[in-house]
Amino acid sequence: MPSEPDDERWLNAAAALAARGIPQSRPNPSVGAILVQDGRVLARGWTQPGGRPHAEAIALGALGGRAEGATLYVTLEPCAHRSARGPACADLVAQAGVARVVVGCGDPDPRTAGQGIERLRAAGLAVDLFDSPACRASLAGYLTRAREGRPHVTLKLALSEDGHLTPGPGKGQWLTGPIARAHVHAMRARMDAIVVGRGTFNADAPRLDVRLAGLEDRSPERWLLTKGAVPDGWQHLTAPQAIAAMPDAQYLMVEGGAGAARAFLAAGLVDRLLLYRAPMTVGADGPALPELTAEALAGSSAWRLCDTRSLGKDMLAVYERA
């Protein structure tokens with residue numbers, strides 16, 4: 001448990017800041033940092049596009065590099081390795097006069113793992129390392145890449161109450177309404193890459209871009225899961241296991257259809273489910289995933305429901321692998 005009453009709150013706030021850098025921080029993790037003194041925020045920062053400057057450098061830079069007596073809350077252990085792109089954050093923090101550092105997650109990178117904390121303690125700083133669920137969640141792509149050698153995979157699907165992926169003949173193109181579809185675009189903006197199967201590509205000619213004002217430049221790479229050739233502007237994925245070869249990708253979304261979804265689920269490569277449930281029953285022939293209905297997942301030991309929210313007439317259910 002945190003050693004001071006507000007530690008968890010400030011770590012959660014730092015994790016929320018880190019979300020602002022996803023996925024532009026690629027190939028680096030997106031980290032959040034907050035400098036606090038006497039319950040007041042002095043400065044804050046998150047990893048910038050391309051991975052530099054780091055969050056700690058941004059926060060300290062706002063104070064001219066000095067933060068005497070402050071507490072630094074940071075989602076990931078400050079880096080201990082020097083780079084041509086910038087100094088080690090552990091050194092910057094040690095030189096800034098910070099009194100205490102609270103770290104939400106250790107860094108698995110062997111160039112830092114434990115060494116960043118050791119360097120801070122050797123400089124006389126008090127350092128507390130916690131296993132913060134919020135910080136780990138904000139670093140999901142980086143941690144999955146570091147530990148499993150692949151991106152963190154989100155399977156996104158729009159489903160009827162009986163698990164169908166389309167409304168049925170003569171009922172239009174969309175299961176879900178405009179609010180849910182806008183939310184999908186916001187989720188795309190946080191992905192490095194999106195993959196669909198050949199069936200979805202042939203049937204829908206999906207653009208897979210981000211169509212939200214101000215976020216159009218966040219459209220992720222488009223990948224096609226197929227044994228055949230891919231058109232211009234698309235990357236080729238021959239099998240779910242091949243995601244390990246995606247260069248630097250930390251966050252991948254699988255958008256469909258049923259074949260691609262089942263392929264990734266069967267390979268054990270789905271970390272999170274984003275299920276947009278429409279309040280309708282299709283009850284007809286067509287692509288369906290009855291194993292992902294609310295009733296089926298409620299009886300599954302493989303998935304844990306972690307969030308629900310209303311999106312207009314639709315409901316979003318978020319599951320994480322148990």
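These exercises with worked solutions treat a predicted model.

**Exercise 1. The five-strand sheet**

Find the strand order of the open sheet of five strands, and state which strands stand at the edges.

Solution.
- Step 1. Read the order: S2-S1-S3-S4-S5, with mixed pairing.
- Step 2. Go to the edges. Strand S2 (40–46) and strand S5 (126–129) each have a single partner strand, so one side of each is left without a neighbour in the sheet.
- Step 3. Take the twist. Neighbouring strands of this sheet are turned by 25° or 15° on average, direction ignored: which value applies? The answer is 15°.**Exercise 2. Pairing around S1**

Work out how S1 pairs with S2 and with S3.

Solution.
- Step 1. Pair S1 with S2. The sense is antiparallel, over six bridges.
- Step 2. Locate one bridge. Ala33 has Gly45 as its partner in S2.
- Step 3. Inspect the hairpin. Two residues lie between S1 and S2, and Asp38 takes a positive phi near 55° there.
- Step 4. Pair S1 with S3. The sense is again antiparallel, with four bridges.
- Step 5. Locate a bridge here too. The partner of Ala33 in S3 is Val74.
- Step 6. Check the cover. Five of the six residues of S1 are buried, so the strand is mostly covered.
- Step 7. Add the helix. Helix H1 (residues 7–18) lies across strand S1 (32–37), S2, S3 and S4. H1 runs at about 140° to S1.

**Exercise 3. The S3–S4 pair**

Determine in which sense strand S3 and strand S4 run, and what stands opposite Thr71.

Solution.
- Step 1. Take the spans. S3 covers residues 71–74 and S4 covers residues 100–103.
- Step 2. Read the bridges. Four of them join the two strands, which run parallel.
- Step 3. Place Thr71. Opposite it stands Arg100 in S4.

**Exercise 4. The eight-strand sheet**

Describe the order, edges and twist of the open sheet of eight strands.

Solution.
- Step 1. Write the order: S9-S8-S7-S10-S6-S11-S13-S12, with mixed pairing.
- Step 2. Find the edges. S9 and strand S12 (303–311) each have a single partner strand, so one side of each is left without a neighbour in the sheet.
- Step 3. Take the twist. On average, neighbouring strands of this sheet are turned by 25° against each other, direction ignored.
- Step 4. Look at the S9 edge. S8 and S9 run parallel and are joined by three bridges. Trp223 stands opposite Gln235 in S9.
- Step 5. Place helix H7 (residues 178–188). It lies across S6, S7, S10, S11, S12 and S13. H7 runs at about 160° to S11.

**Exercise 5. The two sides of H9**

Identify the buried residues of helix H9 and what they pack against.

Solution.
- Step 1. List the buried residues of H9 (residues 258–266): Ala258, Ala260, Ala261 and Phe264.
- Step 2. Test whether they share a side. Their arc around the axis is only 165°, which puts them on the same side of H9.
- Step 3. Turn to the face away from the buried side. It carries the exposed residues Gly259 and Ala266.
- Step 4. Find the packing partners. The buried residues of H9 pack against strand S6 (152–159), strand S7 (193–197), strand S8 (221–225), strand S9 (235–237) and strand S10 (251–256).
- Step 5. Step past the helix. Just after H9, Gly268 takes a positive phi of about 70°.

**Exercise 6. Nonpolar cores**

State how many residues the largest nonpolar core has, and which elements supply it.

Solution.
- Step 1. Recall the tendency. In soluble globular proteins, nonpolar side chains tend to be buried together.
- Step 2. Count the core: 29 residues. Those with the most contacts inside it are Leu157, Phe264, Leu273 and Leu292.
- Step 3. Assign the elements. S6, S7, S8, S10, H9, strand S11 (272–277) and strand S13 (314–321) each supply at least two residues of this core.
- Step 4. Separate the other core. It lies apart from the largest one and has 26 residues, including Ala55, Val74, Val103 and Val127.
- Step 5. Follow Leu157. Leaving aside neighbours within four places in sequence, its contacts include Leu165, Ala261, Leu289 and Leu292.

**Exercise 7. Cysteines**

Decide how many disulfides the whole structure has, then examine Cys89 and Cys105.

Solution.
- Step 1. Search the whole structure. The result is zero disulfides.
- Step 2. Check Cys89. It is in no disulfide, and the nearest cysteine sulfur, that of Cys79, is 3.8 Å away. The cut-off for a disulfide is within 2.5 Å.
- Step 3. Add its burial. Cys89 is buried, at a relative accessible area of 1%.
- Step 4. Check Cys105. Its closest cysteine sulfur, in Cys135, is 7.3 Å from its own, too far for a bond.
- Step 5. Add the burial of Cys105. Its relative accessible area is 4%, so this residue is buried.

Methods
Residues numbered from 1 in each chain as written. Predicted model: local features only at pLDDT ≥ 70, side-chain atom pairs only at ≥ 80, totals over all residues. Heavy atoms only, no water. Buried < 20%, exposed > 50% of the residue type's maximum accessible area, 1.4 Å probe, protein only. Arc of directions from axis to C-beta. Contact = heavy atoms within 4.5 Å. Core = buried A, V, L, I, M, F, W, Y, C linked by side-chain atoms within 4.5 Å. Pairing = 2+ DSSP bridges. Axes fitted to C-alpha atoms, helices over the stretch in contact; angles between N-to-C directions.
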